[in-house]
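Welcome! Please open the structure in your viewer and follow along, one selection at a time.

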Amino acid sequence: MADDYLATGFRNVDDSDDFETFSRCLTLLDSLEYYREYKKRTYRLLELRDGERILDAGCGLGNDLYRMAELIAPRGEAVGVDASRRFLDAARTDPRFSSLPVRFVQANLRKLPFADETFTRIRIDRVLQHIPLPEEVVAELTRVLSSGGIFLTYDNDWSDFHIHSDGDSSVTKSIEKHWTDSFANPSIGTELPKLFQMCNLGEIRIDPLQSVIEDFPTADAVYNITATLTQLIRNGTIEESVARDWIDTARTGIFRVTLNSYIVTGRK
Ligand SMILES: C[S@@+](CC[C@H](N)C(=O)[O-])C[C@H]1O[C@@H](n2cnc3c(N)ncnc32)[C@H](O)[C@@H]1O
């Protein structure tokens, strides 16, 4: 079934009639300063050096893989895994990768086609929020990580997602709740340390981060606010005229969206 709502559609991008929506979203996020900065921090925390074998789980268009491959070349290897054939097709034809030690593999993260201890570094960025039974994925990724290797995740805590606006507060609350409830794992950011402990990963380090977006068009592109309102109108929660007023106020008045997220690292 077609699903181009960002909170749910990333579970199965290839089922969507509108691949461009997802591709555009990843490209936009990758261009924003907050994302650039936290991603750089993840590469540093992974202690990437020439020769590492890194797996980027749920690599999307491969933007992180590209930057990490430059750090582990020429002797290392960077492998990008994703469930979406369409993301991988786009990445495989991307000329940025032509001279880098990079490989793309289509697979579900719950069952990876790699032997135990294949990789020295594992990275998974904003993927577990979309996956039912994330503990199975963390266990499978731990299986393919070598002893002494570093496992890094970045994910969101949607229970700490807040829209600050002068618009009708009941509409604001409905938007926050509908968007948040649409994720498979809305509180995954805070659950990561427990998942790491369950897999016997040690040296667990937690880095809390907060993103702030202060203009409506960017927040709308990142958090699908208009699409959320459309769903709320369709299911009878709010009226169209009320939604229109709310957007007008968000565009012109005080507006800010904050979200807490975490980088969690551990060692096998
Ligand atoms: C929000 S995107 C993040 C992409 C990338 N990590 C980034 O930071 O740009 C989530 C990615 O996870 C992939 N994905 C979702 N569920 C998956 C699964 N069960 N197995 C493999 N990939 C999956 C999606 O296809 C998508 O590329």
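Which polar backbone atom lies 3.1 Å from a nitrogen atom of the ligand? Select Ala 83: a polar atom of its backbone is the partner of that ligand nitrogen, at 3.1 Å. The protein covers 95% of the 600 Å² of accessible area that the ligand has on its own (Shrake-Rupley method, 1.4 Å probe).

A note before we go on: this is a predicted model, where local features need pLDDT of at least 70 and side-chain atom pairs count only at pLDDT 80 or more, while totals for chains, interfaces and linings use all residues. Residues are numbered from 1 along each chain as its sequence is written, and side-chain values use heavy atoms, with hydrogens and water left out.

Next, show the side chains of Lys 39 and Asp 82. An N or O atom in the Lys 39 side chain is 3.0 Å from a ligand oxygen. For Asp 82, a polar side-chain atom lies 2.6 Å from an oxygen atom of the ligand.

Now widen the selection to the 19 residues around the ligand (those with a heavy atom within 4 Å of it). Among those that come nearest are Gly 58, Asp 125 and Arg 126.

Finally, move to Gln 129, in the loop between β4 (119-125) and α6 (134-143); helices (H or I, at least four residues) and strands (E, at least two) are DSSP runs, numbered from the N terminus. Is Gln 129 buried or exposed? Gln 129 is buried, because its relative accessible area is 4% and buried means under 20%. Its side chain meets the side chain of Asn 156 at 3.0 Å and that of His 130 at 3.3 Å.

Key
Polar contact = N/O pair within 3.5 Å; in protein donor to acceptor, adjacent residues only side chain to side chain. Buried < 20%, exposed > 50% of the residue type's maximum accessible area, 1.4 Å probe, protein only.
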